[in-house]
Amino acid sequence: MKSHLPLILLCALIATSGCKLKVDIKGDSENKPEMQAWPVPIETRIYSGAFTRNPEEKALRVSGLAGEFVSAQVAVRCDEKLKNLRAELRGLKSESGATLDDSAVRVRYGAYLKVDETMNLTEDPLLEVDSVEAPAGRAQAVWVTVAVPREAAPGVYSSVLRVLADDQRPVTFDFSLEVLPVKLPAPSDWTFYLNIWQDPSGVARAHGVKVWSEEHWALLARYAENLAAHGLKSIMTSVVYDPWKSQSGYPFDTMVEWKYPGEWTGAASDKFEWDFSIFDRYVQLMMDAGIKEKIDMYALVMGPGSTQDANIRYLDTTSGQYRTAELKVGEPRWAEAWKAFLPALRTHLKEKGWFEIAELGFDEKTPEVMKVIFDFLLANAKDFRVALSGGFPGDERKWGDEIVFHITEILDPQRWKEIKPLVEKMHADPKRYVTLYTACNPYYPNTFIYSSLRESRLMAWLAWSWGFDGYTRWAVNAFPENVWEQPNYKWHSGDMYFVYPGPDGPLDSMRWELLRQGIQDYEALHIAWKAAEKAGRADLLDNLRRAVEEGSMLDACHVMPPIAEAREAVNEVLRQLGPALE
């Protein structure tokens, strides 16, 4: 008897392939590959060789609050090149007849980057184009994001998502969106404190425009709109030239022009003048977009780390040339320069109405450096607020008004025992901020391009679980020389940015969207928790505690916490208590 093993293997290959083969059993084979598409959770990256074990699955189910951004993802693959690949979702309608305008729906397409750390082609940028081409055999991510209107009526809205390509049969999905009976506040009113550092100079460089030109300002307005829509709360400014010593490969331009008639030697510091026009315009631009909780001002000392360098570039108004005063923290000339500048800065901020939300920023500075600076501030400018990102958090003389702890300090049981009382004290103070942050380490959890997308969503859940106000990271737009060809610089791919320089402004990354999703989870949890407390529902509070425990667990057997399931538990509380919130 002949073996059927070859036929069995062929059938298995066809079943698990990203594409089906049309076969005519009578012998007339078209041998034309057929496009296949299947749903993939947004927390999962689609790599080039992606496959499915459930090729017939054709349902997409998402849920969210009115006012929430919700996303779904499908993978598309075929063994021949797909031309004009695109997706359409129109006519979302509820059983009661309510509709969502098609303008609320945005379809985007993953773009592959070469990621050195894993030697993998990895999708991260989300292209805003009408269609893409997918090479033969390579899986393509298609993202569908619905900006649920805040006035949307609760209910389940249904339609059909169609995936199309030239010379291919369309693949259709039953798409349903459940709008929960709760409204999410506008991003500017979210309780989560998101502090992602901005680099306006990086924007100019990546887009090939002159710093502070009108073309640059137009781009910055689009970036500000994007940052505000993702819940950013802080405005990053520079009050000296290049406060990070060009660590990202290029200088961070100043927003305050220092001027002096001639060469400054340390004497006659009262002859300094300052032009705040760029500082004012940038702060106002960000505020107009909805980012107005805090202003960070860098820096009395260059950062990060133990360096005591504190150089100041100024315009010699006599010669018209720039000069640089090479200074060290604590030396007499450094003290004289800042004793002249800080009163002028204070006066200007108070005239603008910004002094109460402005903070002098310090990046991972050591106790040795910060104690000298604290001595100076307590003697000369003790009313200034201070933001300490990593490094020295302060002491009994002066604690930071914002303190940022690296995640490794929290994961170390002994260190966490030491800092937890300070975290609790900071979190209880409505005028102060305490956040966690990740940087070029650890490898997990983090927000690199090769990280699981779930890790970006995880950050907000960790913040809630550990009692922090939010999350801090540098940077959102400090782009390497050619981010599209080489996504890393000195640090891991994606460490320097969450968005990409598109044709006319920023393009979201998948990591940026998942970070926002985690923040929205946090906001939904906040609403549910308050509602359960008000209703006296101890049982529902227990459910929410379990959801937080599961959604922030870092040592589970399955490695990654089940955040989507934890969010569903939050949604269930909102389904029960939501109508009473209206």
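Visitor: How should one read the accessibility of a single residue, and is Ser 213 buried or exposed?

Guide: A residue counts as buried when its relative accessible area is under 20%. In this predicted model, Ser 213 has a relative accessible area of 12%, so it is buried.

Visitor: Where does Ser 213 lie, and with which side chain does its own side chain make a polar contact?

Guide: Ser 213 belongs to the loop that runs between α2 (200-207) and α3. Its side chain makes a polar contact with that of Glu 215, at 3.2 Å.

Visitor: How does burial apply to the chain as a whole, and what share of the residues counts as buried?

Guide: The same classification can be applied along the whole chain: 56% of the 582 residues count as buried. The secondary structure comprises twelve helices and 25 strands. Taken along the principal axes, the C-alpha atoms fill a box of roughly 100 × 60 × 50 Å.

Visitor: What does the radius of gyration of the chain indicate?

Guide: The value is read against that of a compact globule with an equal number of residues, here 582, which would be near 25 Å. The chain has 27 Å, which agrees.

Visitor: How is the burial of a whole strand judged, and why is β13 described as largely enclosed by the rest of the structure?

Guide: One examines the residues of the strand and then its two faces. Strand β13 (residues 234-238) has five of its five residues buried, so the rest of the structure largely encloses it. On one side are Ser 234, Met 236 and Ser 238, and on the other are Ile 235 and Thr 237; both faces are covered.

Visitor: With which strand does β13 pair, and in what sense?

Guide: Its partner is β16 (residues 294-298), in the parallel sense, over five bridges. Within this pairing, Met 236 stands opposite Asp 296 of β16.

Visitor: Which peptide bond from Tyr 298 is cis?

Guide: The angle to inspect is omega. The bond from Tyr 298 to Ala 299 is cis, with omega near -5°, and Ala 299 is found in the loop between β16 and β17 (312-316). Asn 441 and Pro 442 are also joined by a cis peptide bond, with omega about 0°. Pro 442 lies in the loop between β22 (433-437) and α9.

Visitor: Where do Asn 84 and Ala 268 lie, and what is the phi of each?

Guide: For residues other than glycine, a positive phi is the feature to note here. Asn 84 has phi near 55° and lies in strand β5 (residues 82-94). With a relative accessible area of 28%, Asn 84 is partly exposed. Ala 268 has a phi of about 50°, and its place is the loop between β14 (257-260) and β15 (273-275). Ala 268 also counts as partly exposed, at 35% relative accessibility.

Visitor: How should a pocket be described, and how many residues line the largest one?

Guide: Volume, lining residues and their classes serve as a guide. The largest pocket holds about 650 Å³ of space and is lined by 30 residues, with Ile 42, Arg 61, Val 62, Ser 71 and Ala 564 nearest its centre. Elements that each supply at least two lining residues include β2 (33-40), β3 (59-66), α9 (453-466) and α12 (563-581). By class, eleven lining residues are nonpolar, nine polar and ten charged.

Visitor: Which element gives the largest share of the lining of the second largest pocket?

Guide: That element is α3, with four residues. The second largest pocket holds about 410 Å³, and its lining of 22 residues has Arg 106, Glu 128, Asn 226, Pro 506 and Asp 508 nearest the centre. The lining comprises nine nonpolar, six polar and seven charged residues.

Visitor: How many cavities of 30 Å³ or more does the structure hold?

Guide: A cavity differs from a pocket in that a probe fits inside but cannot get out. The structure holds seven such cavities of 30 Å³ or more. The largest has about 130 Å³ of space; among its 15 lining residues, Asp 199, Trp 244, Ser 248, Phe 252 and Trp 474 lie nearest its centre.

Visitor: Which element gives the most to the lining of the second largest cavity?

Guide: That is α10, with five residues. About 60 Å³ of space lies in the second largest cavity, and its lining includes Ile 42 and Ser 71. These two residues are also among those nearest the centre of the largest pocket.

Technical notes. Residues numbered from 1 in each chain as written. Predicted model: local features only at pLDDT ≥ 70, side-chain atom pairs only at ≥ 80, totals over all residues. Heavy atoms only, no water. 1 Å grid on protein atoms, 1.4 Å probe; cavity = no way out; pocket = protein on both sides within 12 Å on 5 of 7 lines; lining within 4 Å. Points joined across faces, edges and corners; volume = space filled by probe spheres on them. Nonpolar A, V, L, I, M, F, W, Y, C, P; charged D, E, K, R; others polar. Buried < 20%, exposed > 50% of the residue type's maximum accessible area, 1.4 Å probe, protein only. Pairing = 2+ DSSP bridges. Polar contact = N/O pair within 3.5 Å; in protein donor to acceptor, adjacent residues only side chain to side chain. Rg over C-alpha atoms; globule rule 2.2 N^0.38 Å.
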